[in-house]
Amino acid sequence: MAKLKLGVVADDKPVKLTIEFPATVHRDLVAYAEILARETGHPVSDPAKLIVPMVERFMATDRGFAKARRPRQSPVGNEG
């Protein structure tokens, strides 16, 4: 059993996206959807629906991104 980073993908209202991927990335996306369907028992109706959860997961686990998003706090005792 594969240890995938994504779980079941909610079948939400469709959102139209216009984006171009290299053919190799598209093939990998389709393959990922097939493996995810086998692993979870929930078929993915459209592999493009994986893009948002993948990007969300990527951003949620990117420590540099999280650090950059944190509001800057002034050092204690240096309040004007």
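These legends accompany close-up views of one predicted protein chain.

Residues are numbered from 1 along each chain as its sequence is written, and side-chain values use heavy atoms, with hydrogens and water left out. Because the model is predicted, local features need pLDDT of at least 70 and side-chain atom pairs count only at pLDDT 80 or more, while totals for chains, interfaces and linings use all residues.

**View 1. The whole chain: three helices and zero strands.** The elements run α-α-α from the N terminus. Helices (H or I, at least four residues) and strands (E, at least two) are DSSP runs, numbered from the N terminus. The chain has 80 residues, and 12% of them count as buried. Buried means under 20% relative accessible area, exposed over 50%, and partly exposed in between (1.4 Å probe, protein chains only). The chain exposes about 7200 Å², with 56% of it supplied by carbon and sulfur atoms. These areas come from the Shrake-Rupley method with a 1.4 Å probe; for residues, only the protein chains shown count as cover. Of the contacts with a separation of 6 or more, 64% join residues 24 or more positions apart. Contact means heavy atoms within 4.5 Å.

**View 2. Confidence along the chain.** Mean pLDDT is 83, and 86% of the residues score at least 70. The score is the predictor's confidence in each residue, from 0 to 100. Among the elements, helix 1 has the highest mean, 95. Helix 3 (residues 63–69) has the lowest, 83. Where pLDDT is low, the predicted coordinates should not be read in detail.

**View 3. Helix 1 and its two faces.** Helix 1 has 18 residues. From first C-alpha to last, helix 1 reaches 26 Å, close to the 26 Å expected at 1.5 Å a residue. The expected span is 1.5 Å times one less than the number of residues. Leu-29, Tyr-32, Ala-33 and Leu-36 are buried. Seen down the axis, the buried residues of helix 1 fall within an arc of 100°, so they line one face. The arc is that of the directions from the helix axis to the C-beta atoms. The face turned away carries exposed Arg-27, Asp-28 and Arg-38. Helix 2 (51–60) is part of what covers the buried residues. Just after helix 1, Gly-41 takes a positive phi of about 80°.

**View 4. The largest nonpolar core.** Eight residues build this core: Leu-6, Leu-29, Tyr-32, Ala-33, Leu-36, Val-44, Leu-50 and Ile-51. Helix 1 (residues 23–40) gives the largest share, four residues. A nonpolar core is a set of buried Ala, Val, Leu, Ile, Met, Phe, Trp, Tyr and Cys residues joined through side-chain atoms within 4.5 Å. Beyond four places in sequence, Leu-36 touches Leu-4, Leu-6, Gly-7, Val-9, Gly-41, Val-44 and Leu-50.

**View 5. Pro-47 and His-42 in the loop between helix 1 and helix 2.** Leaving aside neighbours within four places in sequence, Pro-47 contacts Leu-29, Val-30 and Ala-33. Pro-47 and His-26 are 21 residues apart in sequence and 8.6 Å apart in space, C-alpha to C-alpha. His-42 counts as partly exposed because its relative accessibility is 43%. Not counting residues up to four places away, His-42 touches Val-8 and Ala-37. His-42 and Gly-7 are 35 residues apart in sequence, with their C-alpha atoms 9.6 Å apart.
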